[in-house]
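Ready for a short walk through a protein? Open your viewer, keep the selection tool handy, and follow the stops below.

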Amino acid sequence: MDYETLQLFLHLSRSLHFGRTGKECHKSPSALSRTITRLEAELGEPLFERDNKSVRLTPQGELFVRFASDALTRLSDLRDSLKRETETLRGTLSIFASVTACQSFLPELLLRFREAYPEVQLKLETGYAVDALDMLSKGTVDVTVAALPERVPRHLVSRVVAVTPLIFVAPAASCDVSRRVDRKPVAWPELPLVLPPHGLAREAVDRWFRARKVRPLVYSEVAGNEAILALVSTGCGLGVVPKLVMDRSPLRSDVRAIEVEPKLGEFRVGVCVERRSLAQPLVAAFWNATA
């Protein structure tokens with residue numbers, strides 16, 4: 001669990017209304033429901049009794065309210081303490097970020113941190129998101145900002161910063177691939193695909209094809225979303241990338257999104273650190289400054 005989850009839980013414990021909490025916390029009711037379900041699964045106890053007419057706290061939920069309130073109070077106290085130490089906080093913080101993060105929200109996060117802690121030196125390394133958690137577990141970096149799996153290992157803590165759908169992308173120009181994908185029904189077994197060799201996006205697209213009982217025709221396996229878009233734009237095949245990547249890519253006018261049902265799923269990008277490293281002032285400062 002993370003602090004955002006605790007905040008959502010406490011808000012719902014007060015409102016006892018998924019729609020109201022979702023609206024005030026900028027979450028869809030379905031996303032809020034999934035968050036609470038994951039929290040209950042992690043705790044192994046039901047926190048709410050809910051039916052079509054009402055939502056109520058269980059006895060376990062009432063106990064967890066006290067824990068969550070205490071945890072958030074401690075966080076607030078820590079933030080205040082770190083704020084008082086801003087002028088003396090120095091050192092080097094190593095960060096690994098995916099290209100997607102670097103091209104989207106990371107500059108804003110780093111700017112916020114730099115404004116609060118100007119004496120801290122930032123060491124930034126970029127690369128493929130699939131390497132992020134491994135680098136963190138090995139101690140190669142202090143913080144990662146990259147795609148997050150559905151279940152983050154227990155020794156890590158994470159905070160989702162952006163959620164974007166995974167989408168199929170096709171060439172914008174008229175070509176054989178464009179014409180094939182525009183035919184209805186789409187002959188999926190005959191469409192060449194440009195896919196990542198592994199990682200969360202590949203797992204999602206493999207699940208999608210398995211559900212349709214289709215064996216995909218893989219034209220090329222390419223590491224990196226921009227490389228996928230480059231091949232798609234030249235008509236090599238249909239690709240799969242997070243929508244956030246396509247929207248911010250220099251190649252966005254050369255490709256187009258393809259709507260499919262069911263959807264491929266969501267791509268969550270966030271900040272992740274070792275749980276034990278939150279005791280380190282630099283890591284705790286970055287974690288709190290980017291909340």
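Two residues are in contact here when they have heavy atoms within 4.5 Å. Keep that in mind for the whole chain: among contacts between residues at least 6 apart in sequence, 72% join residues at least 24 apart. What you see is a predicted model.

**Stop 1: the whole chain.** Switch to a cartoon view. You will find 12 helices and 11 strands. The C-alpha atoms fill a box of roughly 60 × 55 × 30 Å along the principal axes. Of the 291 residues, 46% are buried.

**Stop 2: two crossing helices.** Select residues 106–116, which form helix H6, and residues 281–289, which form helix H12. Their axes come within 9 Å and cross at roughly 120 degrees. Are they parallel or oblique? An angle over 145 degrees would count as roughly antiparallel, and 65 to 115 as roughly perpendicular, so H6 and H12 are oblique to each other. The crossing of H6 with H12 is right-handed. Now show side chains: on H6, Leu110, Arg112 and Phe113 make the contact, and on H12 their partners are Leu282, Ala285, Phe286 and Ala289. These contact residues divide into six nonpolar, no polar and one charged.

**Stop 3: a covered strand.** Next, select strand E7, residues 192–195. In a regular strand, side chains alternate between the two faces of the sheet. Pro192 and Val194 sit on one side of E7, Leu193 and Leu195 on the other, and all of these are buried. Add strand E8, residues 217–221: E7 and E8 pair in the parallel sense over four bridges. Look across from Val194 and you will meet Ser220 in E8.

**Stop 4: two cis peptide bonds.** Go to Lys184 and Pro185, which are joined by a cis peptide bond with omega of about -5 degrees. Pro185 lies in the loop between helix H8 (176–182) and E7. Then jump to Glu261 and Pro262, where another cis peptide bond has omega of about 0 degrees. Pro262 is in the loop between strand E10 (255–258) and strand E11 (266–274).

**Stop 5: positive phi angles.** Select Leu16, in the loop between helix H1 (3–15) and helix H2 (18–24). Leu16 is not a glycine, yet its phi is positive, about 50 degrees. Its relative accessible area is 32%, and Leu16 is partly exposed. Finish at Lys213, in the loop between helix H9 (200–211) and E8. Lys213, also not a glycine, has a positive phi of about 55 degrees. How exposed is Lys213? Its relative accessible area is 76%, so Lys213 counts as exposed.

How values were computed: Residues are numbered from 1 along each chain as its sequence is written. This is a predicted model: local features need pLDDT of at least 70, side-chain atom pairs count only at pLDDT 80 or more; totals for chains, interfaces and linings use all residues. Side-chain values use heavy atoms; hydrogens and water are left out. Axes are lines fitted to C-alpha atoms, for helices over the stretch in contact, and angles run from 0 to 180 degrees between N-to-C directions. Angles under 35 degrees count as roughly parallel, over 145 as roughly antiparallel, 65 to 115 as roughly perpendicular and the rest as oblique. A crossing is left-handed if the near helix is turned anticlockwise from the far one by less than a right angle, and right-handed if clockwise. Ala, Val, Leu, Ile, Met, Phe, Trp, Tyr, Cys and Pro count as nonpolar, Asp, Glu, Lys and Arg as charged, and the others, Gly among them, as polar. Buried means under 20% relative accessible area, exposed over 50%, partly exposed in between (1.4 Å probe, protein chains only). Two strands pair if DSSP finds at least two bridges between them.
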